[in-house]
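Colleague: I should like to go through this model with you, with attention to its core and its charged side chains. Please give the reasoning behind each reply.

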Amino acid sequence: MKKTLVTLVVAAVMCSAMPGDETLTRNGKQVIINTTSIAKDIKGYNGATPLKIYITNNKIDKVEALPNEETPKYFFKVKKQILNKWDGMTVNKASKAKVDAVTGATYSSECVQKTLVRGLEYYKKNK
């Protein structure tokens, strides 16, 4: 019983010391924002559309879609037509940029844009 209790306490301490969601990570000079935990309240057609936003020297390198519950056929169009629109933009310019929604995937398109803005706000506060 005592050994089991010690094991549970050690496991709890280790879990609490681990970074939770790794919202902001670094790879050399590049900062990567993972919006999974900070934008879960922003919903597309079937739910949240988490992103990874890669930023170097305050400019967006790329935006990558993470697994989500959107309809694959329509979300593929969003990935193909929208995600690269912010490439090369400064963080401030990208935060204000309006990207046209993809026909047939309006909710997903708007969700991606709002999620991106949330991620960039997080970046500005925590870089």
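The exchange below concerns a predicted model.

Colleague: Which element gives the largest share of the largest nonpolar core?

Modeller: The largest nonpolar core has 24 residues, and those touching the most other members are Ile53, Ile55, Ile60, Val63, Trp86, Val112 and Leu120. Elements that give two or more residues to this core are the strands E2 (30-34), E3 (51-56) and E4 (59-65) and the helices H2 (72-81), H3 (91-96) and H4 (106-126). The largest share, 4 residues, comes from H4.

Colleague: Which residues does Ile55 touch, leaving aside residues up to four places away in sequence?

Modeller: Ile55 is one of the core residues that touch the most other members. With those sequence neighbours left out, the residues in contact with Ile55 are Lys29, Gln30, Val31, Ile33, Ile60, Asp61, Val91, Leu120 and Tyr123.

Colleague: How many salt bridges are there, counting a side-chain nitrogen of Lys or Arg within 4 Å of a carboxyl oxygen of Asp or Glu?

Modeller: One pair is Asp41 and Arg118, with N to O at 2.8 Å; this pair links distant parts of the chain, 77 residues apart, with Asp41 in the loop between E2 and E3 and Arg118 in helix H4. Another is Lys62 and Glu64, with N to O at 3.6 Å. The count comes to 2 salt bridges.

Colleague: Is Asp41 buried, partly exposed or exposed?

Modeller: Exposed requires over 50% relative accessible area. Asp41 has a relative accessible area of 52%, whereas its salt-bridge partner Arg118, at 26%, counts as partly exposed. Asp41 is therefore exposed.

Colleague: What is the nearest side chain of opposite charge to Glu70, and how far away is it?

Modeller: Glu70 is found in the loop between E4 and H2. Glu70 is buried yet has no salt bridge. A polar atom of the Glu70 side chain does lie 3.2 Å from the backbone nitrogen of Gly47, and Gly47 is among the residues Glu70 touches, which also include Tyr45, Phe75 and Ser108. The nearest side chain of opposite charge is Lys43, at 9.1 Å.

Colleague: How far apart in space are Asn92 and Lys124, C-alpha to C-alpha?

Modeller: Asn92 lies in helix H3 and is partly exposed, with a relative accessible area of 42%. In sequence, Asn92 and Lys124 are 32 residues apart. In space, their C-alpha to C-alpha distance is 9.0 Å.

Terms used:
Residues numbered from 1 in each chain as written. Predicted model: local features only at pLDDT ≥ 70, side-chain atom pairs only at ≥ 80, totals over all residues. Heavy atoms only, no water. Core = buried A, V, L, I, M, F, W, Y, C linked by side-chain atoms within 4.5 Å. Buried < 20%, exposed > 50% of the residue type's maximum accessible area, 1.4 Å probe, protein only. Contact = heavy atoms within 4.5 Å. Lys, Arg positive; Asp, Glu negative; His and termini not counted. Polar contact = N/O pair within 3.5 Å; in protein donor to acceptor, adjacent residues only side chain to side chain.
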